[in-house]
Amino acid sequence: MNKFSLNNLTVGEKGIVQNIATSSSHIRQRLLEMGLTKGTKVEIVRYAPMGDPIEIAIRGYRLSLRRLEAESVFVEKDPQ
Amino acid sequence: MFREKVELSTRYIAIIGNPNAGKTTLFNALTGLRQKVGNYPGVTVEKKEGKIIFSDGCSATLLDLPGTYSLTANSPDEKVATDVLLGRTNHTPPPNFVICVVDASNLERNLYLVSQIIDYHIPVVIALNMIDVAEKSGMTISSKKLGDELGVRVIATIASKKIGVDELKKIMQSNVTASLKARQWSLPKVVKEECDELQTMLQGTQHLSEADAFHEAIQLLTSPTALSEHLDRYAPELLEHVKKDHERLDILGIDRQSVFVESRYEWIKHVCEASREIKSQSFETTSDKIDKVLTHKIFGFVIFLALMAMMFQAIFSWANAPMEWIGEGFNELEKNVTALMPPGDIRDLTVNGALAGVGAVVTFLPQIFFLFLFLGLLEDTGYMARAAFIMDRLMSKVGLHGKSFIPMLSSFACAIPGIMATRTIENRKDRLVTMLVSPLVSCSARLPVYVLMIAAFIPQQKVLGIFSLPGLTLVSMYLLGLFAALIFAWIFKKTLLKSDAPVFIMELPPYKLPSLKTIIMHTWERSYLFLKRAGTFILGVSIVLWFLATYPKTERATPAEQLQQSFAGQAGRLIEPVIKPLGFNWKIGIGLIGSLLQREVFVSTMGTIYNIKDSDTQFSNLSLRQKMHDDIDPHTGVPTFTILTAICLMVYYVLAMQCMSTVAVMHRETNSWRWPIFQISYMTALAYGTTFVVYRIGLLLTA
């Protein structure tokens, strides 16, 4: 399967959320509630000037998260 | 009719909503200037209440709850909002009903909170805010259809232009009820079965209401720690049952945590489709275009630094003029009081104790005002989130959050606004670490001490042809403070306030034009609270210090002799053995004690000791420098000040907490004495230790 960590996508690439694999249930809950649920489309908008954190577009709004957290979000690449 | 009116006036209404949904703007539009700010007891979360007056003269109380994304309570702010909403606290009554502010341009995520509120059967009206922004980005939302889907009244509003506010008020006067459409979202069959079963058990054994039991059931099914956490709360049979549920769902491959959130969002998607029409979706919004510049690799930094420089400039120099006016005003006042009152202790107490102390606090007001004006502008336009976005990488090196940068920078002007600016940091531990280290950054009150010492003792020499030794010394002092702050932030994060790297999951809201009214009200509230809380404390401390420097009275003594004979003078001698290892004698001891209130007092205390008249105790004054230079102990032949003592004294002032206003603000912001006392202790120990080492090394080098 084409499963990638959100961290590995480059600017402009789109993906569909598959699962979140972090050991912290607190972070997981926050990410889920912010809308990163299975099947949701995400797009990498940009990286911060120093490369971290990253900014993503999701459910019509913009969210920033550190690469460390992005690493645990797995997506399937959306070819469109 | 009359009865109804009385009932209405005792109504308690809360405003809730996601951060950045325009909650505060709507709150201001509804209440006008009739507001009152305080703290929730025991936590550092702000409590804001206002009075709303209806067209027929009736009124009700409106509570502005902290912004929250959900009722799962992920931060102290969110916990307060949840607890108040669900009536779980003693300090605040549960609201009769709530207004939930929803950002129309960000409907899906905002409806998540709405769906939770509906499920708790809380009476609610929805303010569908920023409807203009949604329309501009190509969406049409029917408030009628949205209301039908959710089973509640929905009013389209543009809070910044007061559109929809009157209609909202009308509804607030009528009877607001809970939605009849709770829990419309559907769970997978097996999950629903377990959840229902558990809910029934909880209703029976724990006597919970249907809604509470339902949410408790979700909690028990999702949270990995639920079982160990509630050991004493539930019967063993129930816990056993929950454990079996976990096993069963896990075997079926169901993600217990995400299934509930997913199901809710699934339903929200359906609600949005039924009530929202997306005509055209532009890929690049205006905010995107702005962000291309403001978060650009190079320009982003340049603009950020320019903005910070401007803010710094405002606190540092623009505030100077009003600070001088206030200073002069107090001088005038002191003169007038001196002229009006008969000479004696009472006059002395009023002028040199009370007025001097209060004056010291009020002088900070312009700095506080400018800082909050800037912070308000940055926050309200949406730039603050970008600043944290840009600086996060750097701050993460010492284990902090991007949001810690601005408080630390503000502390270069003054630690008081710096500490107050930490309010934007959600994580309690990260906020504490930032507050603990901020006073190590060299503030403007240290400058007079540095300047006096450097001008008097550091020789005018060129280093490497371009730098001057005095200039380099000054820079070193600033760098020492900054490094100490960063190192201690790192240490505290590793030890005392150990916590994981802060979670940086932050919304980047669209840019918007700032609402000047909101910002000015915000700035005024902050300034007022600062005056009220810090002022009363400082008044007490300054009276004590005045007493120490005035008594016991010596007949016909010069001011210098009087000070030396006073309790403060005696204390200076008393602590001499303690400060001797740092190269300080009793005269410096008096200076240290006198400047406990605020650092720059050191300069005027030295002025008094060396018998310099009031009018020329300016730190640039030559005679003070000369006298300090020439001062040699008649018994030992040791000069009071050498280059080494001057350096040691500066190092001490860089690191020591010689500022009671900061202590007062720490007390107010942490709601405890523990942290301010800890802060004084660690900073004093650090200052003492470092100065000792510097002195010893200096002695070795000069021997």
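Let me begin inside chain B, where Ile13(B) has Phe97(B) as its bridge partner in strand 5 of that chain. Before going further I should say that what we are looking at is a predicted model.

That pair of residues belongs to a longer match, since strand 1 of chain B, residues 12-17, and strand 5 of chain B run parallel to each other and are joined over 5 bridges. Strand 5 of chain B, which spans residues 97-103, is mostly covered, with 6 of its 7 residues buried. Strand 5 of chain B also pairs in the parallel sense with strand 6 of chain B, residues 124-129, here over 6 bridges, and within that pairing Val98(B) has Val124(B) as its bridge partner in strand 6 of chain B. To get from strand 5 of chain B to strand 6 of chain B, the chain passes through helix 4 of chain B, and this β-α-β crossover is right-handed.

Helix 4 of chain B, residues 107-119, brings us to the place where the two chains meet. How many residues does each chain give to the contact? The contact takes 31 residues from chain A and 31 residues from chain B. On the side of chain B that touches chain A, helix 4, helix 12 (256-275), helix 14 (299-318), helix 18 (383-396) and strand 12 (505-507) of chain B each supply at least two residues. Sorted by class, this side of chain B has 15 nonpolar, 9 polar and 7 charged residues.

Let me take helix 12 of chain B a little further, now looking at how it packs within its own chain. Helix 9 of chain B, residues 210-222, packs against helix 12 of chain B at an angle of about 140°, with the two axes 8 Å apart, and because of that angle helix 9 of chain B counts as oblique to helix 12 of chain B. From helix 9 of chain B the contact uses Ile218(B), Leu221(B) and Thr222(B), while helix 12 of chain B brings Arg256(B), Gln257(B) and Phe260(B). By class, the contact between these two helices has 3 nonpolar, 2 polar and 1 charged residues.

Now to strand 12 of chain B, which takes part in a sheet with strands of chain A. The sheet is open and antiparallel, and its 7 strands follow the order 1(A)-6(A)-2(A)-3(A)-4(A)-5(A)-12(B). Which strands form the edges? They are strand 1 of chain A, residues 3-5, and strand 12 of chain B, each of which pairs on one side only. From one strand to the next, the twist averages 40°.

The join between the chains in this sheet consists of 3 bridges between strand 12 of chain B and strand 5 of chain A, residues 61-65, the two strands running antiparallel; here Leu63(A) has Glu507(B) as its bridge partner. Strand 5 of chain A is covered on both faces, with Tyr61(A), Leu63(A) and Leu65(A) buried on one side and Arg62(A) and Ser64(A) buried on the other.

Strand 5 of chain A also pairs with strand 4 of chain A, residues 54-58, in the antiparallel sense over 5 bridges, and Glu55(A) stands opposite Ser64(A) in that pairing. The hairpin of these two strands has 2 residues between them, and in it Arg59(A) takes a positive phi near 45°.

Finally, helix 1 of chain A, residues 25-33, lies across strands 2 and 6 of chain A together with strand 12 of chain B, running at about 140° to strand 2 of chain A.

How values were computed. Residues numbered from 1 in each chain as written. Chains lettered and ligands numbered in written order. Predicted model: local features only at pLDDT ≥ 70, side-chain atom pairs only at ≥ 80, totals over all residues. Contact = placed C-beta atoms within 7 Å. Helix = DSSP H or I, 4+ residues; strand = E, 2+ residues; numbered from the N terminus. Nonpolar A, V, L, I, M, F, W, Y, C, P; charged D, E, K, R; others polar. Pairing = 2+ DSSP bridges. Axes fitted to C-alpha atoms, helices over the stretch in contact; angles between N-to-C directions. Parallel < 35°, antiparallel > 145°, perpendicular 65-115°, else oblique. Buried ≥ 20, exposed ≤ 12 C-beta atoms within 10 Å, placed from the backbone. Right-handed = clockwise from strand over helix to strand, strands pointing away.
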